[in-house]
Structures are given as structure tokens and as C-alpha cells.
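The following exercises are to be worked with the sequence and the model at hand. Each task is followed by a solution in steps.

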Amino acid sequence: MIADTEYVLPLRWAADDPAELADLTGYLRGLVAEVAVTVVDGSPPPVFAAHAAAWRDLPLRHLPPDPDLDFAMGKVNGVWTGLRRPGPERAVVADDDVRWPLAELRRAVALLDRADVVRPQNVFEPASPWHARWDTGRTLLNRAVAADWPGTLAVRRSALPDGYDGDAMFENLELLRTVEARGGREVAPPGLYVLRVEGQARITLRPTGEDEGH
């Protein structure tokens, strides 16, 4: 078990997709054996109920976004709902299409011992859909000059005591800027790879305003 760490997954699916739900449930089943998990689910009530039924035997926290949060970038409603609740100092925030290998998750969490935010690099699996190939090209260009912006970050809760601006267009960049403005330190190891699965349905399931910037 990875101590003193919580995995926060903001989620909003417009419709129930049994295949994608089975895939995500399988991932969560392995994850809860290693780390505390909170899923903040902004899906419509019937979809939320389907998720609750699928995860009823898993030791995770499944809750809706806090009603007082209404950011333009809706994903931040989920992220901040999870992070502002009492929890471990170390948190991993990840989109629903992110799949952390256990060794890489442990490595990222360990890096929080000397940093306030850790930015890994995404690898798409499978890379066959056109949008995954396009995004892989964008990733390689970003890595050529700096580092890529992934669908997941590891962050210390104490680095974000008041949250961050969920109305900013690129929410992960805004999170990082907020941490750095408070004197926090970022690390972006070029060899810290995290899988990202890109099914065709995800393009339609992700509401307007919740794109990660690709």
C-alpha cells in the first residue's frame, strides 16, 4: 500500500458506456489495493447511479462535485472537491483515461518528498486512433523543447491551500502556476511515463470546457 497518498479522479460521463465502465472499474479495482481513491463524479444521476452500482464492492469514496463550485473548466470542480476535503498530504490527480503503472505511481509519489508538484509524460495506448497519433505528435514536439502536459499530476495538498482558478482555460497549467506562485517546486522527469487510453467515445463524453488542452 502506498502510504499517505490519495488518488483523485474527476469524472463526468454524459452517457453510460458498459465497455468503458468495465475498463475503468478494472483499473480502479487494482488501484484501491495500493492507494486511497476518491472519484468525484459529475455525471447525470442515472450514470452516477450506474457507476455507484459498479463500484459498490470497492473501498473507494464516490461523491458528486460540491454544489458551491461552478468553474468554467468543469473538471476543476471535481479536482477541488476532492482536494479540499481532509486527506493525505500527497495526491495524484488523474483524468479517467489515465492508467498509472504501479511502479511509476510509486516513483511520482516519492518525488513529492522533494517537490510540490510532479508532471509525468503521457504515452497513448493504443496509438492507433487518429486523435492518439495526433496527440502523440504534439507530445513529441513539446518534449523537444520542454516537457509535455499530461492528463495527470502529483501534488502536495499543502501547496494548494486555497485551490486554483478553475476559470482559466488550461487548468493544469493554472494549477502549476498557482503552486509556483506560492514558492512551490515542480519536477518533470522526462522518463516518468504514464499510459493514456484513447477510445473513440471519449471525444464525445468529455464536455465542452473540460479539455486538457490538446
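**Exercise 1.** In this predicted model, determine whether helix 3 (residues 74-83) is enclosed or open, and identify what surrounds it.

*Solution.* Step 1: apply the cut-off for burial, under 20% relative accessible area. Ten of the ten residues of helix 3 meet it, so the helix is largely enclosed by the rest of the structure. Among them are Gly74, Val76, Trp80 and Leu83, as well as Lys75.

Step 2: find the packing partners. The buried residues of helix 3 pack against strand 1 (5-11), strand 2 (36-41), strand 3 (61-63) and strand 4 (90-94), and also against helix 6 (171-181).

**Exercise 2.** Is Asn77 buried or exposed, and which residues does Asn77 touch beyond four places in sequence?

*Solution.* Step 1: Asn77 belongs to helix 3. Step 2: its relative accessibility is 10%, and buried means under 20%, so Asn77 counts as buried. Step 3: leaving aside residues up to four places away in sequence, Asn77 has contacts with Pro65, Leu69, Asp70 and Phe71.

**Exercise 3.** Describe the strand order of the sheet and explain which strands stand at its edges.

*Solution.* Step 1: the sheet is open and consists of seven strands with mixed pairing, in the order 3-2-1-4-8-6-9. Step 2: strand 3 and strand 9 (186-187) each have a single partner strand, so one side of each lacks a neighbour in the sheet.

Step 3: place a helix on the sheet. Helix 2 (residues 45-54) touches strand 1, strand 2 and strand 3, and its direction makes about 170° with that of strand 3.

Methods: Residues numbered from 1 in each chain as written. Predicted model: local features only at pLDDT ≥ 70, side-chain atom pairs only at ≥ 80, totals over all residues. Heavy atoms only, no water. Buried < 20%, exposed > 50% of the residue type's maximum accessible area, 1.4 Å probe, protein only. Helix = DSSP H or I, 4+ residues; strand = E, 2+ residues; numbered from the N terminus. Contact = heavy atoms within 4.5 Å. Pairing = 2+ DSSP bridges. Axes fitted to C-alpha atoms, helices over the stretch in contact; angles between N-to-C directions.
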